[in-house]
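Got your viewer open and the chain loaded? Keep the selection box handy, and we'll walk through it stop by stop.

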Amino acid sequence: MSKVLIIGAGGVGGVVTHKCADDSDTFSEIVLASRTLSRCEKIQSQVRELRGREIEIAQVDADDVAQTVALIKRVQPALVINVALPYQDLPLMDACLEAGVDYLDTANYEPPDEAKFEYKWQWDYQGRFESAGIMALLGSGFDPGVTNVFCAYAQKHLFDEIDYVDILDCNGGDHGHPFATNFNPEINIREITQRGRYWENGEWVEIDPMSQSRMFDFPEVGERKAYLLYHEELESLVKHIDGLKRIRFWMTFGDEYLTHLRVLQNVGMTRIDPVEYEGREIVPIQFLKALLPDPSTLGENYTGKTSIGCLIEGSKDGKPRKVFIYNVCDHEESWKEVRAQAVSYTTGVPTMVGAKMMLTKRWQGNGVFNIEQLDPEPFLEELAVRGLPWHVKEM
Ligand SMILES: NC(=O)c1ccc[n+]([C@@H]2O[C@H](COP(=O)([O-])OP(=O)(O)OC[C@H]3O[C@@H](n4cnc5c(N)ncnc54)[C@H](OP(=O)(O)O)[C@@H]3O)[C@@H](O)[C@H]2O)c1
């Protein structure tokens, strides 16, 4: 029985709150806090209506460490779940250190003024978390998150040696808008427009954005074109999966999406530096975010499925082996269950499962951990029970 403080009332925050509310044995009390209280109120009334559970809500600016520390001290949670934005990772880790409470997130830190994401900043907290006797679990979403756990499971059970990993992320759904992003538009567009990068033979290889693509037949979705991107889990998996020769990340995009993105880039709407407009400074990508549909509102008319997994090649018992470990998630089913589309659902369910692993002490330790460093079995068992069944396909 534990009290949890969830920070961030966006698309993912809503799913995490609903899923924690379903498991009152583990999450005996839930507090949801975010920058805009009305977004917490909306989730609070949905949870009451759909699950018959009361949750507490609060307003907080998570960039302000003192405010968060005061909130943590008042609420006294066993764990802080960060599903705000990557910009809040470091202030929230600072607040957890000061208040002496465990921490979990789904995305690594990004400095607001530079589209660069690396674990360096968060790994630097290792010594401080260790000596404070608290735990930070990094990347407990789907990718990073479940994909890392798939790799850990493959290393432990399916392979003697892993040579190649390709993480393949397909959203085969249709939300009916000409252009929208499935999670925070600013974070999403920053991720896609930066240079691509993968790891091969001990080195990082950089390529122009979206300059490499391949077709892949995604289970329950079909053939889709996927583009090579840099994604944060590559950095930690290179450290934690032994003997890797190459690891890459691929994501599918439709032609319509890419055309919109190219035009937005060409006219400067994806810039992250401030520009002067009528006597005041605005950041074009933040203005664009205000114009685009809020990802948490996309769910109602979303159809189709996400199909995400790891294609892993190596050897077992002296023979070559190639498997695809994956999950398929349906947008309409997600909406029915938690009033969210499948991209938020596939992130929020593993967040709740990671939190459960920590609160029930099946995962414990002092310091900063990437999710693949922990035992994959209990997580994967719970993941299937909580709505994300997974499969291993021999290729
Ligand atoms: N690992 C994965 O698979 C995966 C996949 C998708 C997303 N993610 C991550 O999940 C997180 C949430 O994504 P999302 O799609 O839910 O984003 P979102 O819909 O934009 O929600 C973010 C929420 O955080 C709140 N917030 C922002 N700054 C804050 C601050 N300073 N203090 C308190 N609250 C603040 C926002 O408040 P306002 O309402 O006031 O704006 C909003 O409610 C992001 O970090 C994203 O990168 C991970």
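Start by selecting residues 213–218 and 222–229: these are strands S10 and S11, an antiparallel pair held by six bridges. Show side chains on aspartate 217 and look across to S11, where its bridge partner is glutamate 223. The two strands make a hairpin with three residues between them. Stop at glutamate 220 in that turn, which has a positive phi of about 65°. Keep in mind that you are looking at a predicted model, so every value on this tour is computed from it.

**Next hairpin: S15 and S16**

Now select 305–316 and 319–330. That gives you S15 and S16, which pair in the antiparallel sense over twelve bridges. This is a hairpin too, with two residues between the strands. Aspartate 317 sits in the turn and has a positive phi of about 50°.

Add S7, residues 161–171, to the selection. Ten bridges join S7 to S15, and the two run antiparallel. A handy residue to click here is threonine 306 in S15: asparagine 171 has threonine 306 as its bridge partner, and in S16 the partner of threonine 306 is cysteine 329.

**Over to the parallel sheet**

Which order do the seven strands of the open sheet follow? Read across and you get S3-S2-S1-S4-S5-S6-S17, with parallel pairing. At the edges stand S3 (56–59) and S17 (367–370); each has a single partner strand, so one side of each is left without a neighbour in the sheet. Look along the strands and you can follow the turn from one to the next: neighbours are turned by 20° against each other on average, direction ignored.

Zoom in on the S17 edge. S6 (135–138) and S17 run parallel and are joined by four bridges. Click leucine 137 and look at what stands opposite: phenylalanine 369 in S17.

Then switch on helix H4, residues 89–99. H4 lies across S1 (2–7), S4 (79–82), S5 (102–105) and S6. Set the helix against S5 and the angle is about 165°.

**Two backbone oddities**

Here is some background for the next two clicks. Most residues other than glycine have a negative phi, and most peptide bonds are trans.

Select glutamine 76, which has a positive phi of about 60° although it is not a glycine. You'll find glutamine 76 in the loop between H3 (65–75) and S4.

Then go to aspartate 143 and proline 144, joined by a cis peptide bond with omega at about 10°. Proline 144 belongs to the loop between S6 and H7 (146–158).

**A helix pair**

Select 11–22 for H1 and 37–51 for H2. The two helices pack at about 35°, with their axes 10 Å apart. H1 passes H2 in a right-handed crossing. To see the contact, show Gly13, Gly14, Thr17, His18, Ala21 and Asp22 on H1, together with Ile43, Val47, Leu50 and Arg51 on H2. Colour that set by class and you get four nonpolar, four polar and two charged residues.

**Colour by domain**

Give 2–142 plus 344–391 one colour for domain 1, and 146–338 another for domain 2. Their C-alpha centres lie 22 Å apart. Where the domains touch, domain 1 puts in 32 residues and domain 2 puts in 30. On the domain 1 side, H1, H13 (342–359) and H14 (376–385) each supply at least two residues. H1 gives the largest share of that side, five residues. By class, the domain 1 side has 18 nonpolar, eleven polar and three charged residues.

**Last stop: the ligand**

Centre the view on the ligand. Why does it lie between the two domains? Both domain 1 and domain 2 give residues to the shell around the ligand, so that is where it sits. The shell counts 33 residues, and the closest are Gly10, Arg35, Ala62, Gly141 and Phe183. Sorted by class, the shell holds 15 nonpolar, 13 polar and five charged residues. Bring H1 back into view before you finish: H1 supplies the largest share of the shell, three residues.

Key. Residues are numbered from 1 along each chain as its sequence is written. This is a predicted model: local features need pLDDT of at least 70, side-chain atom pairs count only at pLDDT 80 or more; totals for chains, interfaces and linings use all residues. Axes are lines fitted to C-alpha atoms, for helices over the stretch in contact, and angles run from 0 to 180 degrees between N-to-C directions. A crossing is left-handed if the near helix is turned anticlockwise from the far one by less than a right angle, and right-handed if clockwise. Two residues are in contact if their C-beta atoms, placed from the backbone, lie within 7 Å. Ala, Val, Leu, Ile, Met, Phe, Trp, Tyr, Cys and Pro count as nonpolar, Asp, Glu, Lys and Arg as charged, and the others, Gly among them, as polar. A residue is near a molecule or strand if its C-beta atom, placed from the backbone, lies within 6 Å of it. Domain bounds come from an automatic or database domain assignment. Two strands pair if DSSP finds at least two bridges between them.
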